[in-house]
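Grab the model and work through these exercises at your own pace. Each one sets a task and then walks through a solution.

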Amino acid sequence: MENETAIQVDHLTKMYKLYDRPSDRLKDSLGFSRKKCYQEHYALTDISFSVKKGETIGIIGTNGAGKSTILKIITGVLNPTSGTVSVDGRISALLELGAGFNMEYSGIENVYLNGTMMGFSDEEIEARLPEILRFADIGEFVYQPVRTYSSGMFVRLAFAVAINIDPEILIVDEALSVGDVFFQAKCYRKFEDFKREGKTILFVSHDLSSISKYCDRVILLDHGKIAGDGSPKEIVDLYKQLLVHQDPAVKGTPVAEREARSAGADARTQTSGWRGLRDANPNVLEYGDRRAEIIGFQILDASGSASTTIEKGTSFTIKMRVRYQEDMEDPIFAYTIKDMRGTEITGTNTMYEKVTIQPRKKGDVDVVSFTQRVDLQGGEYLISLGLTGYQGGEFVVHHRLYDVCSLVVVSSKNTVGFYDMNSEIVVGQEGGGSTDQSA
């Protein structure tokens, strides 16, 4: 049976030796030093995962997590300290701008150079050249030395070469971040073409919206180890916890304490018309330092009735009830609306809206209301709530709730994308003829 695995990584470890002095490096390389004269830095530790053919896999993590290192090992740029990597299929990799380019060669010459390195004949490269030049769209600069290129022109040509040499596996490391919005849109359309053709894509990006939209699966790295491997929505939520220095495994508070607190809060809210945190989603993801807590929420339609089904074009209100466990200055309240894949569609907070909140005392309770018109397309969305602030100049999360409930938008008319611009259309015949109008 045909192998369905494109990339197999088993127990991969990469260790770098860090020397205090150049002389220590020389002694170690020549074997003159009897004791260890270096520090060990592990960029990757015992990493294992597989990528199926046709999958689009994203790798995310904070700076220094090991993302680029693992891509370089997969593509053969680096050797691992231990472990194995097996690849089934021709790889095209775009790891660093201009990697494999000769700065003194022209763009055309570099196309042939890279194609030859990939194992193509001059005739095969020539057949692909028109499509490469069309995609890169850098005009006459293609005949100039690449050292004269801007970073944007560099990546356009490099990416055009990478995706037009018929790869079975495409590996990209943040290379699209320098392209303009139109070039990025063209690249992602190419991603979608690759997905339809059943090709494999592995890419690193800090653009969480793109990760959520295009990936079938996401791997989260943290300090050289896998901290999560799963659906885009699940792993992006875990990554956001890492960004605010919360351990995803801990979720801010010991489980028993968290459940006891939530049970008490739910009991209080159920008697007053407020929904408890697990009334809508028993698996709501929550974390924070709990110096203040969200103990209830409500979704109200335009008539003020509690409902998570809202008619498009009407207003609705998101309310949260907050209890302060300690004295606090300048709390920030927030909500976010995401689609079912985890892409953040819209949201706001009291800081964005320039709402001044006076210092609060331990035991105070606030009710926060966000009222807005909904012009989202008809469909189902997820609502997340947040309570944050600043402590000693550092951003801190007090209580954050991901996907506390769903929101259904009912619509008799949908347009393109997520948001309806409510366009007014007038069609008139030139020369003063009849006029058609549409609201």
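**Exercise 1. Decide whether Ile59 is buried or exposed, and find what it touches.**

Step 1: Look at the accessible area in this predicted model. Ile59 has a relative accessible area of 1%, and the cut-off for buried is under 20%, so Ile59 counts as buried.

Step 2: Place the residue. Ile59 sits in strand E3, which covers residues 56–61.

Step 3: List the neighbours, skipping anything up to four places away in sequence. Ile59 then touches Lys67, Ile70 and Leu71, along with Leu202, Phe203, Val204, Ser205, Ile219 and Leu221.

Step 4: Check one of these by distance. Leu71 is 12 residues from Ile59 along the chain, and their C-alpha atoms are separated by 9.4 Å.

**Exercise 2. Work out the strand order of the open sheet that contains E1, and say which strands are at its edges.**

Step 1: Recall what holds a sheet together. Strands pair through backbone hydrogen bonds, in either a parallel or an antiparallel way.

Step 2: Take E1 (residues 5–18) and E4 first. They pair in the antiparallel sense over five bridges, and Gln8 has Ser86 in E4 as its bridge partner.

Step 3: Now try E1 with E2. These two also run antiparallel, joined by 10 bridges, and Leu18 stands opposite Gln39 in E2.

Step 4: Put the pieces together. The open sheet has three strands in the order E2-E1-E4, with antiparallel pairing. Its edge strands are E2 (39–52) and E4 (82–87), each of which pairs on one side only. From one strand to the next, the twist averages 20°.

**Exercise 3. Which residues of helix H3 are buried, and why do they line one face?**

Step 1: Go along H3, residues 107–117, and pick out the buried ones. You should get Gly107, Ile108, Asn110, Val111, Asn114 and Gly115.

Step 2: Look down the helix axis. The buried residues of H3 fall within an arc of 160°, so they line one face.

Step 3: See what lies over them. The cover includes helix H4 (122–136) and helix H5 (151–163).

Step 4: Check what comes after the helix. H3 is followed by Gly119, which has a positive phi, near 100°.

**Exercise 4. Classify the ring pair of Tyr390 and Phe395.**

Step 1: Pick your two numbers. An aromatic pair is described by the distance of the ring centres and the angle of the planes.

Step 2: Count the pairs. There are six aromatic pairs in the model.

Step 3: Apply both numbers to this one. The centres of Tyr390 and Phe395 are 5.6 Å apart and the planes sit at 65°, so the pair is edge-to-face.

Step 4: Add the exposure. Tyr390 is partly exposed, at 47% relative accessible area, and Phe395 is partly exposed too, at 35%.

Step 5: Look for rings linked into a group. Phe101, Tyr149 and Phe154 form a cluster through ring pairs.

**Exercise 5. Where is Pro331, and what does it touch?**

Step 1: Locate it. Pro331 is in the loop between strand E13 (315–324) and strand E14 (332–338).

Step 2: Check the burial. With a relative accessible area of 4%, Pro331 is buried.

Step 3: Name the contacts, again leaving out residues up to four places away in sequence. They are Tyr324, Thr350, Ile357, Leu387 and Thr388.

Step 4: Tie this back to Exercise 4. Pro331 and Tyr390 are 59 residues apart in sequence, with 7.8 Å between their C-alpha atoms.

**Exercise 6. How many disulfides does the structure hold, and are Cys37 and Cys215 buried or exposed?**

Step 1: Count the disulfides. The structure holds zero.

Step 2: Check the two cysteines. Cys37 is buried at 18% relative accessible area, and Cys215 is buried at 1%.

**Exercise 7. Sum up the whole chain: how many helices and strands are there, and what share of residues is buried?**

Step 1: Count the elements. The protein chain has nine helices and 20 strands.

Step 2: Take the burial. Of the 439 residues in the protein chain, 45% are buried.

Step 3: Check the contact range. Among contacts between residues at least 6 apart in sequence, 70% join residues at least 24 apart.

Key:
Residues numbered from 1 in each chain as written. Predicted model: local features only at pLDDT ≥ 70, side-chain atom pairs only at ≥ 80, totals over all residues. Heavy atoms only, no water. Buried < 20%, exposed > 50% of the residue type's maximum accessible area, 1.4 Å probe, protein only. Helix = DSSP H or I, 4+ residues; strand = E, 2+ residues; numbered from the N terminus. Arc of directions from axis to C-beta. Contact = heavy atoms within 4.5 Å. Pairing = 2+ DSSP bridges. Axes fitted to C-alpha atoms, helices over the stretch in contact; angles between N-to-C directions. Disulfide = S-S within 2.5 Å. Phe/Tyr/Trp six-rings, centres within 6.5 Å; stacked < 30°, edge-to-face > 60°.
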